[in-house]
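Trainee: I am new to this structure and would like to learn how its descriptions are justified. Could you walk me through some of them?

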Amino acid sequence: MSAVNALKNFFGIAARIPRERAMAAFTRRYASFKDLLDANAELAAVFGELESVLHGDRSPETSQIRQAATRAVFQCERMAEKLNDISGGRHAALETAVKGMAKRIEAELERHAAEDGARLTLPLAEVNAGMACSVGGKSANLGELGNLGMPVPRGFAVTLHAGSMLLLRPAGLFKNIYQTLRTVDPEAPSTLQAACAAVEALIFQAETPKEIEDALFGAWDEAFGDDAGLRAALRSSAAAEDGTQSFAGQYRTILGVSRRTLTRDYKKVIASLFSERALAYRALHGYPLDAVGMGACCLEMVNAKSAGVAFSRHPVDTRSNHLVVNGLWGLGEMVVDGMASPDTWLVSRATTRIASEKIAHKATMILPAEDGETRTRIADVPESLRDAPSLTREQVTRLAGMVLALERHYQYPQDVEWAVDGNDELVLLQTRPMGIDSTADMAAPELGDRRPLFSGADVAARGAGCGPVTRVAQDGDMTHFPEGGVMLIKHSSPRVMAALRRASAIIAEAGSLTGHMASLCREFGVPALMNIPGVFRSIEPGRIVTVDAFAGRIFDGEVPGLPAPGARRERGNIGSPAIFLLRRIAPHILPLHLTDPQSGLFTPENCLSLHDAMRFAHEKSYTEMFRISDDLSESSEGAASRLVCPVPLDLHIIDLGGGLKNPDAPSALPEEVTSVPLRQVLAGMTNPDVQAGGPRPVNMRGFLSVMGRSLAGGNQEGGGARFGDRSYAIVSDRYLNLSSRVGYHYAILDTWCGETLSKNYIRFEFAGGAAGNAQRVRRARCVALILSELGFTVETAGDRVQARFRKYSRAEMLPRLDQLGRLLIMTRQMDMLMVDEASVDHYAGNFLRGIYH
């Protein structure tokens, strides 16, 4: 297709058009590009808001989550629409994909309040972390553990709806409870004690609704079958339980529950909603005393050989880089209730190696009762086990791995209850957010004489991490990145997603704090530092370092005195309805699956979230603007100003706004160029060192090869043809699309160079030539070598070079644009110099040393 026809098809206008219409066509495309970048920034801001809610930094209302989701959909639809405008309709599939995501998000918003609300029981296999409004915190977390493939007991959840029915269905019951609670005088503790006893009596005296009994027995039979000897644990699962305020120990857990005692034991659990301890706890934290949000979780009792708790962070020393495991023989109640001193292991979070162990003397233990009547019994620990560890070292390490995995999943430190069953297998009984001292000083501590290897880095995701350094090349394979390693990369990239969960921290020599990688690090709680000049080559692989992503520092070795991730303050209202709603819709909004633009899966059809669609539109917008030079023709002559300048290019400039002092003039001098990127490229082209020196020295072998190819019809091997000698620059104050087509080779430069780091980029492509294929390929490799040394990400295929430099500051962009100007001049007829392999390194080295002739 000719350039004229391309222009006709793209803009839908005649070949010969007046300046006004040509300018309108270019300006419309450029305006859509700017709108897309603005929508990208707005959408990134919405993602940041939602991620801060998930991390506990904010406690919004449900309406605010709905508004944020609506804004996210709007901005993503805007990006898809503008990409389609820029491309002339080539990306309609993205608009379709975004509309599908919008429908799924809206469906989740609509059914949030009602889903599962009418059911009285649910199998744990059908429960997940987003259902705490329906089944309470404990059941929701246990269901989530099962969904994650963690070992959990069989069981079922009794919903909050069932608890409300138990209290509200019997005539007058809740009215009597409410009136009794009104008699409580906060200044007279005896009134609270009396009221609690009275409320418990009212609940036991009330008739249990038949629907609840039928549901309880049906769920028991479905979960446990007809084993008459099976015993279960019935545990409270309140709406606010296992959230920010854990309610630990405030509600009842009943062990040794049988089918025969199930209904009465369930009423005991519900009655504990009004226990003296629970009412005092609710009053302290501002919960209403008459709240009825209580569910229950019924689990098969584990015949535990040992049991205990594990904390993914040190519960007292928040600056420790260790997790803590406690254990005793028998059931875990003695550990949970603090009835005995347990075995204690400190495990390195960086390596999961046991740092220390303290084995307690264990004289007694709690076991299930054997008579079928009493629930539990206290027994003597056999003499041989009293000073023996309740876990093997291998079990401690495995448990530590599970606990760290749960912290990564929930993005917050976890308090996990565990047991070892009769088959010596670990079983998880509960997980909930750790209670962390919110008054702790989270400022980075003074470390005496210890000096950091690097300081002053930008913090992309807060926290601290320690481990061996692993360098990853820009396009390196992430498959084998080691667990617990500190990832060291040259530049931030969403490609790190493949190894993000395995990294203890990430260090990027350069990057954008609002970019995709920073967003992923915040989403998954991985400490990350960016913009540390020279760090990539300075820290050798395998070296143990500690990353302080609070103060932007890197230390040699393991530093025990740094704040742990998540310990900066107590988490926000993570048990609120707003959080549960966000957990429902977040999978359709926040995860990023499309990380590799070169993959065949990088298509609109594979966009599973708004983040995917954002990534696709952002990436393809650059590609479409890069192609703008293909849509130029002589029909745009009326819209262009010819550059009058001593460079070997017939360059015509189309100003979209702010690029020329006098855009209506037929010609322009270099000093009349006001476009920042074009001015910098011209500075490189007209650099005296590049211009000086007279004619380029000619290698006769190369010259004869070029002449021979030209007489034979030019570059036919790649289907190439001789290009016209006219070059175009489409410019604004911050934008440049330069199409240089001379002889049998061409170069295209597309760049945005402004104050906003996340918008800045350079794309450069070079190909063609009149020499033989071997010489053209060598020239491509020489250009690629130069660009790689300048920090570009480079790809070569035959005689074609493609290079990218993205999300750097304007100060980093300008010298590289200057170098590209020099390179465009030097590469003219370079192919005739590429007579052997040594020429590649020779001329690349000369260029980098400033020798251009």
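**How the descriptions are earned**

Mentor: Gladly! Helices H7 and H8 are roughly perpendicular to each other. This is a predicted model, in which local features need pLDDT of at least 70, side-chain atom pairs count only at pLDDT 80 or more, and totals for chains, interfaces and linings use all residues. Residues are numbered from 1 along each chain as its sequence is written, and side-chain values use heavy atoms, with hydrogens and water left out.

Trainee: Why are H7 and H8 called roughly perpendicular?

Mentor: Helix H7 (residues 160-168) and helix H8 (residues 173-181) pack at an angle of about 85°, with their axes 6 Å apart. Angles of 65 to 115 degrees count as roughly perpendicular, under 35 as roughly parallel, over 145 as roughly antiparallel and the rest as oblique. H7 and H8 therefore earn the description. Axes here are lines fitted to C-alpha atoms, for helices over the stretch in contact, and angles run from 0 to 180 degrees between N-to-C directions. Helices are DSSP runs of H or I with at least four residues, strands are runs of E with at least two, and both are numbered from the N terminus.

Trainee: What makes the contact between H7 and H8?

Mentor: Leu166, Leu167 and Leu168 of H7 meet Leu173, Phe174 and Ile177 of H8. Contact means heavy atoms within 4.5 Å. These residues divide into six nonpolar, no polar and no charged. Nonpolar covers Ala, Val, Leu, Ile, Met, Phe, Trp, Tyr, Cys and Pro; charged covers Asp, Glu, Lys and Arg; the others, Gly among them, are polar.

Trainee: Why is helix H6 described as largely enclosed?

Mentor: Nine of the eleven residues of H6 (residues 137-147) are buried, so the rest of the structure largely encloses this helix. Buried means under 20% relative accessible area, exposed over 50%, and partly exposed in between, with a 1.4 Å probe and protein chains only. Among the buried residues of H6 are Lys138, Asn141 and Glu144. Their cover includes helix H5 (132-135), strand E2 (155-158) and helix H14 (393-410). Just after H6, Gly149 takes a positive phi of about 85°.

Trainee: What makes Thr352 and Asp424 worth a look?

Mentor: Most residues other than glycine have a negative phi. Thr352 is not a glycine, yet has a positive phi of about 55°, and Asp424, also not a glycine, has one of about 65°. Thr352 lies in the loop between strand E8 (343-348) and strand E9 (354-358), while Asp424 sits in the loop between E12 and E13.

Trainee: How do you know whether Thr352 is buried or exposed?

Mentor: Its relative accessible area is 23%, so Thr352 is partly exposed. Asp424 is partly exposed because its value is 37%. Arg679, in helix H19 (residues 676-685), counts as partly exposed at 39%.

Trainee: What makes a space in this structure a cavity?

Mentor: On a 1 Å grid over the protein atoms alone, a cavity is a set of points where a 1.4 Å probe fits but cannot get out; lining residues have an atom within 4 Å of a point. The structure holds six cavities of 30 Å³ or more, and the largest has about 230 Å³ of space. A volume is the space filled by probe spheres set on the points, which are joined across faces, edges and corners. Of the 20 residues that line the largest cavity, the closest to its centre are Ala233, Arg235, Leu255, Glu333 and Leu429. The lining divides into 13 nonpolar, three polar and four charged residues.

Note on methods. On a 1 Å grid over the protein atoms alone, a cavity is a set of points where a 1.4 Å probe fits but cannot get out, and a pocket is an open set with protein on both sides within 12 Å along at least five of seven lines; lining residues have an atom within 4 Å of a point.
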